[in-house]
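I opened this notebook to record what I looked up in one structure. The entries follow in the order in which I made them.

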Protein chains: 2
Amino acid sequence: MKSEDEIEFNGEGVIHEDVVKRALAVQPEEELLADLADLFKNFSDTTRIRILSLLISDEMCVADITAALNATQSAVSHQLRILKQSRLVKSRRAGKIVFYSLADDHVKTIIAMGMEHITE
Amino acid sequence: MKSEDEIEFNGEGVIHEDVVKRALAVQPEEELLADLADLFKNFSDTTRIRILSLLISDEMCVADITAALNATQSAVSHQLRILKQSRLVKSRRAGKIVFYSLADDHVKTIIAMGMEHITE
DNA sequence: TATACTTATGAATAGTTGTTCATATGTTGC
DNA sequence: GCAACATATGAACAACTATTCATAAGTATA
């Protein structure tokens with residue numbers, strides 16, 4: 001027999017309805033969580049996180065980043081575009097050269113937070 | 001003509017060697033950055049971050065999570081395995097039911113940090 | 001304007017990943 | 001043991017993504 005907190009839901013499966021309702025109540029909007037996933041997607045690729053990590057030190061031009069990562073200029077440029085679209089980096093042009101830098105301090109904080117989790 | 005801080009490097013491209021060297025000097029190990037990318041990969045998928053977000057409230061069984069996300073049991077189970085392998089969640093069995101919960105507080109912190117970046 | 005140089009971008013490709021479907025594993029009560 | 005239930009897992013497929021290659025766009029200098 002079913003106890004008080006186990007009822008049918010959604011047509012399938014026995015669940016603890018109150019737990020589900022409570023969790024969903026404090027759950028952020030669907031869309032906000034999607035945005036959050038998109039944000040973290042930027043940090044989930046090796047090339048991108050290496051770029052971001054480099055930029056913590058200083059602004060750098062594309063050629064410098066390319067050399068530091070030992071990657072191709074094209075690959076770096078493509079990833080920089082993604083990071084820029086996500087507003088994690090910004091760029092300034094100085095003649096032929098384009099310098100990239102972190103858009104704000106959050107990048108630094110998020111990476112530091114991740115590091116803390118890893119290294120313990 | 002080349003200025004003092006612009007020299008050949010790596011066989012291609014003119015770069016600011018000192019900037020590159022300085023950035024690489026304080027740069028974390030290649031492997032550590034790869035681990036970091038792997039960590040953030042967990043947060044980069046909508047299903048996974050929704051699961052993590054749910055578990056902030058309370059531990060939940062697979063059926064509850066499945067109902068809350070309106071997903072299939074299989075999809076949820078697959079993602080839970082990934083999260084568990086990354087040691088972001090842990091599980092305890094109570095009879096037929098398996099409850100999942102956050103492994104530590106870092107998940108909460110990382111999500112909060114991301115939220116802060118989004119909502120401003 | 002012609003050339004050299006730095007960065008950006010489109011298309012194609014190879015590798016990765018999330019979901020689904022079917023089924024297996026593990027648990028409880030009869 | 002058997003039936004019912006909850007969760008886990010392997011294989012296949014579709015969708016997505018990062019890189020490469022070729023080339024375009026923007027800039028400075030002769």
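**Entry 1: the surface near DNA strand D**

I looked up the surroundings of DNA strand D and found 26 residues around it, of which T47(A), R48(A), S74(A), S74(B) and Y100(B) come nearest. Here a residue is near a strand if one of its heavy atoms lies within 4 Å of it. I note that this is a predicted model, in which local features need pLDDT of at least 70 and side-chain atom pairs count only at pLDDT 80 or more, while totals for chains, interfaces and linings use all residues. Side-chain values use heavy atoms, without hydrogens and water, residues are numbered from 1 along each chain as its sequence is written, and chains are lettered from A and ligands numbered from 1 in the order in which they are written.

I asked which parts of DNA strand D lie within 4 Å of the protein. Of those atoms, 62% belong to sugar or phosphate, and the rest belong to bases.

I sorted the residues of this surface by type and obtained nine nonpolar, 10 polar and seven charged. In this sorting, Ala, Val, Leu, Ile, Met, Phe, Trp, Tyr, Cys and Pro count as nonpolar, Asp, Glu, Lys and Arg as charged, and the others, Gly among them, as polar.

**Entry 2: polar atoms at the strand**

I looked up polar contacts (pairs of N or O atoms within 3.5 Å). T72(A) has a polar side-chain atom 3.1 Å from a phosphate oxygen of DNA strand D. For S74(A), a polar side-chain atom lies 2.6 Å from a base nitrogen of the strand. In chain B, an N or O atom in the side chain of S74(B) is 2.7 Å from a base oxygen of DNA strand D. The elements giving two or more residues to this surface are α3 (46–57) and α5 (73–85) of chain A, with α4 (62–69), α5 (73–85) and β5 (97–102) of chain B.

**Entry 3: the two copies**

I superposed the copies by least squares on C-alpha atoms of residues with pLDDT of at least 70 in both. Chain A can be laid on chain B with an RMSD of 0.0 Å by a turn of 180° and a shift of 0.0 Å along the axis. The two copies are thus related as by a two-fold rotation axis. F40(A) comes closest to that axis among the residues of chain A, at 3.0 Å (C-alpha).

**Entry 4: a core residue**

I listed the contacts (heavy atoms within 4.5 Å) of I65(B). Leaving out residues up to four places away in sequence, I65(B) touches I51(B), L54(B), L55(B), M60(B), V76(B) and L80(B).

Terms used. A polar contact is a pair of N or O atoms within 3.5 Å; within protein, one must be able to donate a hydrogen and the other to accept it, and residues adjacent in sequence count only if both atoms are side-chain atoms. Helices (H or I, at least four residues) and strands (E, at least two) are DSSP runs, numbered from the N terminus.
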